[in-house]
Amino acid sequence: MSQGKLLVVFVTFGPRHLTKAAVLHKYAPDTVFLELAGSAGKYPWETDMENLPFQLIRLFPSRRQEELSRISVFPKVLKTLNHIKPDVVMYHGLLAPGFQALALWSKFKNIPAILHFDSWSENKTRISWQQQLKGKIYKFFFNCAFVAGKYSKDYLISMGYPKDKIASGCNVVDNNHFRIKSLFYKNNYKYCEKEGLPEKYFLMVARYSPEKDHHTLLKAYKRYVSSGCDWKLVLIGEGPLREDIKNLIKTLELDDHVIQKGWISYEKIPMYYSFAKCLIIPSLSETWSLAANEGAACGLPLILSNKCGCVPELCIPGVNGFVFKAGDPDELAKYMQKISDGSVDLLAFGEKSKELVSAFTLESWALKVLELKGLCLGKARMFSNPMNMKVF
């Protein structure tokens with residue numbers, strides 16, 4: 001295993017980050033983790049920070065990400081970095097003020113850096129010259145990159161980043177957590193009745209924000225119901241458009257068909273996956289969609305928009321789900337009908353979902369991070385066989 005202290009930095013640490021950190025700590029106990037803010041407006045996580053098995057430094061545990069400024073963050077980040085003295089750092093881009101301090105510090109100190117990257121060309125509007133400039137900046141500050149999948153890898157290469165310094169597989173969840181919890185709930189149907197969940201339903205897990213496109217889903221669902229189909233729709237999430245979506249449900253006369261459940265905790269959400277029949281992600285813009293990982297780990301068929309970054313890895317049309325053109329309610333309604341009319345084997349679809357997501361595990365993430373660390377330190381060669389990695 002490669003020697004040298006690794007520092008992994010995230011803006012905030014939610015349950016997903018803590019599970020990643022715990023597994024990486026098992027392989028490299030000297031790894032240090034750094035959190036910039038205690039919370040973020042987008043993600044109201046309920047995170048237990050007691051008795052962690054690894055070293056986590058929290059710079060502003062009582063502050064939200066949106067409250068932080070460069071003036072407050074820069075000095076504390078620089079002081080912390082000088083105290084930790086890492087040999088390699090890994091962080092997510094350059095937008096957050098703390099990440100900019102990291103970039104400047106690591107370049108000045110000649111400390112190699114790993115870019116943790118999941119964006120891609122079509123999840124936002126792009127301007128060519130800006131992307132080429134961004135590519136040069138990434139090449140200047142980062143020695144190698146850890147990307148989500150095919151779309152983000154192709155995007156980074158298109159910006160001029162060296163292909164031989166990119167590894168894939170950074171977007172993972174704790175598959176075992178969702179698989180085991182889901183099996184538990186499936187064997188205890190009383191929980192479904194206790195939660196007031198219908199016998200058959202489509203599920204969407206997403207924040208109420210414009211890019212998630214609840215509007216297209218609800219218009220498609222209206223067509224679905226009007227055609228005589230009877231599965232319900234369960235929405236999980238919070239956000240600025242919650243009342244707007246509630247009003248749209250009323251306008252479309254879907255009050256008796258759509259159930260809004262609000263924000264559900266990490267521990268409880270596998271129950272909603274376990275009783276659902278299909279997960280739908282209709283986003284207009286989605287870097288990846290970790291909800292797709294979660295649903296797949298629970299054995300759900302997937303209906304994803306073509307703007308979800310995880311499509312090539314997690315959804316094979318006609319095999320474990322369907323892919324529709326984002327913003328097209330007619331195509332989405334067609335696939336909803338197909339999923340529910342008995343013409344596809346939902347069990348086989350779900351098993352294929354579990355198989356596909358099995359390539360994206362906490363262990364694969366941790367081992368790839370350590371291989372990238374070794375590459376940065378000149379102690380490892382790049383990824384000829386990603387599924388059979390050797391860590392030095």
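These exercises walk through aromatic pairs, charges over rings, a surface patch and one helix residue in a predicted model.

**Exercise 1. Describe the ring pair formed by Phe 13 and Phe 33.**

Solution.
- Start with the whole structure: a search finds 22 aromatic pairs.
- Take Phe 13 and Phe 33, which form one aromatic pair. Their centres lie 6.4 Å apart, and their planes are at 80 degrees.
- Classify the angle. Planes over 60 degrees apart count as edge-to-face, so the pair of Phe 13 and Phe 33 is edge-to-face.
- Place the rings. Phe 13 is in the loop between strand E1 (6–10) and helix H1 (15–27), while Phe 33 is in strand E2 (residues 32–39). The two are 20 residues apart, and the pair links distant parts of the chain.
- Check exposure: both Phe 13 and Phe 33 are buried.

**Exercise 2. Do the same for Phe 178 and Tyr 266.**

Solution.
- Read the geometry: 5.6 Å centre to centre, with 85 degrees between the planes. This pair is edge-to-face.
- Find the places. Phe 178 belongs to helix H6 (residues 175–186). Tyr 266 is in the loop between strand E10 (258–260) and helix H10 (269–275).
- Note the separation: 88 residues, so the pair links distant parts of the chain.
- Both Phe 178 and Tyr 266 are buried.

**Exercise 3. Which residues form one aromatic cluster with Tyr 91?**

Solution.
- Go along the chain. Phe 99, Phe 117, Tyr 138, Phe 142 and Tyr 155 join Tyr 91 in one cluster.

**Exercise 4. Which rings have Lys 76 and Lys 107 over them?**

Solution.
- Lys 76 places its charged end over the ring of Phe 60, 4.8 Å from the centre.
- Lys 107 lies over the face of Phe 140, with 4.3 Å to the ring centre.

**Exercise 5. Trace the nonpolar surface patch that includes Leu 133.**

Solution.
- List the members: Ile 127, Trp 129, Leu 133 and Ile 137. Together they have about 390 Å² of accessible area.
- Locate Leu 133: it is in helix H4 (residues 128–141).
- Test its exposure. Leu 133 has a relative accessible area of 43%. Because this value falls between 20% and 50%, Leu 133 is partly exposed.

**Exercise 6. Is Asn 293 buried or exposed, and what does it contact?**

Solution.
- Find Asn 293 in helix H11 (residues 290–297).
- Its relative accessibility is 0%, so Asn 293 counts as buried.
- Set aside neighbours within four places in sequence. Asn 293 then contacts Asn 171, Val 172, Val 173, Trp 288, Leu 314, Val 357 and Phe 360.

Technical notes:
Residues are numbered from 1 along each chain as its sequence is written. This is a predicted model: local features need pLDDT of at least 70, side-chain atom pairs count only at pLDDT 80 or more; totals for chains, interfaces and linings use all residues. Side-chain values use heavy atoms; hydrogens and water are left out. Patches are made of residues with over 30% relative accessible area and no salt bridge: like charges are joined within 9 Å, nonpolar side chains (Val, Leu, Ile, Met, Phe, Trp, Tyr) within 5 Å. Accessible areas come from the Shrake-Rupley method with a 1.4 Å probe; for residues, only the protein chains shown count as cover. A salt bridge is a side-chain nitrogen of Lys or Arg within 4 Å of a carboxyl oxygen of Asp or Glu. Helices (H or I, at least four residues) and strands (E, at least two) are DSSP runs, numbered from the N terminus. Buried means under 20% relative accessible area, exposed over 50%, partly exposed in between (1.4 Å probe, protein chains only). Rings of Phe, Tyr and Trp (its six-membered ring) pair if their centres lie within 6.5 Å; planes under 30 degrees apart count as stacked, over 60 as edge-to-face and the rest as tilted. A charge sits over a ring if NZ of Lys or CZ of Arg is within 6 Å of the ring centre and within 35 degrees of the ring normal. Contact means heavy atoms within 4.5 Å.
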